Each structure stands twice: as C-alpha cells, then as structure tokens.
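The following exercises are to be worked through with the sequence and the three-dimensional structure at hand. Each task is followed by a solution in steps.

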Amino acid sequence: SGDATWVHSFYPDSDWGRDGGRYVGRVSAVQRIGNGIGDETDMPGPYVWESTDRLVDDVRRWLRRPATNNGWILVGDESVPQTVKRFVSRESNEPDLRPRLEVTYSLPQ
C-alpha cells in the first residue's frame, strides 16, 4: 500500500495521469553507475549525485509544495544488454542502504 507502480502513483488509491507516470523531461543531475562489463565505474555503491542548480530547484519546489514531491526518476541506458542496476527504496530492511538526501547550506554573509 502506498507504493508507486507502473499504473499507480500511490497504490491502490491514486493513478498516474498516464501509465508509467509523468516526469519532467529535463535532467536534474547525472551520475555514471557503470556499464556492467567491468569498467572503472562499475563498482558497488554508495553513489553520490553532486549538487546542481536543478537539484536545488527541485528541492525548493518540493518544500513549497510537498504534494508535488514524487522524488526523482533514475533513467538508465537501456541500449546495452545485461546492465541492470538495483537500488533499494526507503522501505529497505537494511537502513544503511536506504537512499537519503543530505542538504548542506550556508547563510549569506
């Protein structure tokens, strides 16, 4: 209950506007995870997406309108076979593996 699926934004009560959901087409940040064939980036996590202006804009928008916070979508390169990656969710039984957002800020001088 409450999970996102291909059809539901929050199962079973809320559907996406269209199957698969709707997301902003612009990229907020990029992180190379690896191609699955042993290159230098093909290592176990954790993975860090460095801050960008767009990531900051996303978080500010969610703070203003929390109901719009459906998180970020991770989009992979599906053109290379057998390069699947697994990321756990906030419901993981292993708290150390759960994704987290760390916000660091400084006050203007």
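**Exercise 1. Determine which residues serine 92 touches, leaving aside residues up to four places away in sequence.**

Step 1. In this predicted model, serine 92 is to be sought in the segment after α1.

Step 2. With neighbours up to four places away in sequence set aside, the residues that serine 92 touches are Leu97 and Arg98.

Step 3. The relative accessibility of serine 92 is 12%, so this residue counts as buried, the cut-off being under 20%.

**Exercise 2. Describe the overall make-up of the protein chain in terms of its secondary structure.**

Step 1. The protein chain contains 1 helix and 2 strands.

Step 2. Read from the N terminus, the order of these elements is β-β-α.

Step 3. Among the 109 residues of the protein chain, 13% count as buried.

Step 4. The chain has an accessible surface of about 9900 Å², and carbon and sulfur atoms contribute 52% of that surface.

Step 5. Of the contacts with a separation of 6 or more, 31% are between residues 24 or more positions apart.

**Exercise 3. Test whether the span of helix α1 agrees with its number of residues, and identify its buried face.**

Step 1. Helix α1 comprises the 12 residues 53-64; at 1.5 Å a residue, a span of 16 Å is therefore expected.

Step 2. The end C-alpha atoms of α1 are 17 Å apart, which agrees with the expected span.

Step 3. The buried residues of α1 are Leu55, Asp58, Val59 and Trp62. Viewed down the helix axis, the buried residues of α1 fall within an arc of 90°, so they line one face.

Step 4. Asp53 and Arg64 are exposed on the other side of α1.

**Exercise 4. Establish which residues form the salt-bridge network that contains Asp58.**

Step 1. Side chains of opposite charge can pair when their charged atoms come close. The count of salt bridges in this model comes to 4.

Step 2. One of them joins aspartate 58 to arginine 26, with 2.8 Å between the closest N and O atoms. This pair links distant parts of the chain, for aspartate 58 belongs to helix α1 and arginine 26 to the loop between β2 (14-15) and α1, 32 residues apart.

Step 3. Aspartate 58 also forms a salt bridge with arginine 61, and here the closest N and O atoms are 2.7 Å apart. Both residues lie in helix α1, 3 residues apart, about one turn of the helix.

Step 4. An α-helix has 3.6 residues a turn, so residues three or four places apart point the same way.

Step 5. The network of salt bridges thus links Arg26, Asp58 and Arg61.

Step 6. The accessibilities complete the picture: aspartate 58 counts as buried at 5%, arginine 26 as partly exposed at 27%, and arginine 61 as partly exposed at 32%.

**Exercise 5. Classify the two partners of the salt bridge between glutamate 91 and arginine 90 by their accessibility.**

Step 1. The closest N and O atoms of this pair are 2.9 Å apart.

Step 2. Glutamate 91 has a relative accessibility of 43% and counts as partly exposed, whereas arginine 90, at 62%, is exposed.

**Exercise 6. Locate the nonpolar surface patch that includes Val103.**

Step 1. The patch is formed by Trp72, Leu101, Val103, Tyr105 and Leu107, which together have about 620 Å² of accessible area.

Step 2. Valine 103 lies in the segment after α1, and its relative accessibility of 57% means that valine 103 counts as exposed.

Technical notes. Residues numbered from 1 in each chain as written. Predicted model: local features only at pLDDT ≥ 70, side-chain atom pairs only at ≥ 80, totals over all residues. Heavy atoms only, no water. Helix = DSSP H or I, 4+ residues; strand = E, 2+ residues; numbered from the N terminus. Expected span 1.5 Å × (residues − 1). Buried < 20%, exposed > 50% of the residue type's maximum accessible area, 1.4 Å probe, protein only. Arc of directions from axis to C-beta. Contact = heavy atoms within 4.5 Å. Patch = residues over 30% accessible without salt bridge, like charges linked within 9 Å, V, L, I, M, F, W, Y side chains within 5 Å. Areas by Shrake-Rupley, 256 points an atom, 1.4 Å probe, with all protein chains shown as cover. Salt bridge = Lys/Arg side-chain N within 4 Å of Asp/Glu carboxyl O.
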